[in-house]
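New notebook page. I want to go through this one from the overall fold down to side-chain pairs, and keep an eye on how far to trust each part.

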Amino acid sequence: MEYNIVVAPNLETLATEVAVLFPQGWKLKGGITEHSNGFSQQLVRKTVDKLKNRQSAPVAARQRRTKWIE
């Protein structure tokens, strides 16, 4: 299990940064926390999800290349 904490000065920036991590298998854990430097959000990812993302991307690249060579 991996943990990640995203810190941003305002809510709009926090939402943008967190949205970038969703396709990589990250999921929200808990709520948004307000502190002196702005806002933060904790995310969680299982290592299985991380491995699935790595395996799926190279396969698509190989298929595209095969079609191009044919």
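What percentage of the 70 residues of the chain counts as buried? I looked that up before anything else, and got 20%. Note to self: this is a predicted model.

Surface next. I get about 5,500 Å² exposed by the chain, with carbon and sulfur atoms supplying 56% of that area.

Then the elements. I find two helices and three strands, and reading from the N terminus they run β-α-β-β-α.

I also checked contacts. Taking those with a separation of 6 or more, I see that 50% come from residues 24 or more positions apart.

Which side chains meet in a salt bridge? I have Glu 2 and Arg 45 down for that, at 3.0 Å from N to O. The structure holds one salt bridge, and this pair links distant parts of the chain: Glu 2 lies in strand β1 (residues 2-8) and Arg 45 in strand β3 (residues 38-45), 43 residues apart.

Is Arg 45 buried or exposed? I read 10% relative accessibility for Arg 45, so I file it as buried, the cut-off being under 20%.

Confidence last. Mean pLDDT for the chain is 79, and 69% of the residues reach 70 or more. Which element has the lowest mean pLDDT? I noted helix α2 (residues 47-69), with a mean of 60. Strand β3 has the highest, at 92, and that is the strand holding Arg 45 of the salt bridge.

How values were computed: Residues numbered from 1 in each chain as written. Predicted model: local features only at pLDDT ≥ 70, side-chain atom pairs only at ≥ 80, totals over all residues. Heavy atoms only, no water. Helix = DSSP H or I, 4+ residues; strand = E, 2+ residues; numbered from the N terminus. Buried < 20%, exposed > 50% of the residue type's maximum accessible area, 1.4 Å probe, protein only. Contact = heavy atoms within 4.5 Å. Areas by Shrake-Rupley, 256 points an atom, 1.4 Å probe, with all protein chains shown as cover. Salt bridge = Lys/Arg side-chain N within 4 Å of Asp/Glu carboxyl O. pLDDT = per-residue confidence, 0-100.
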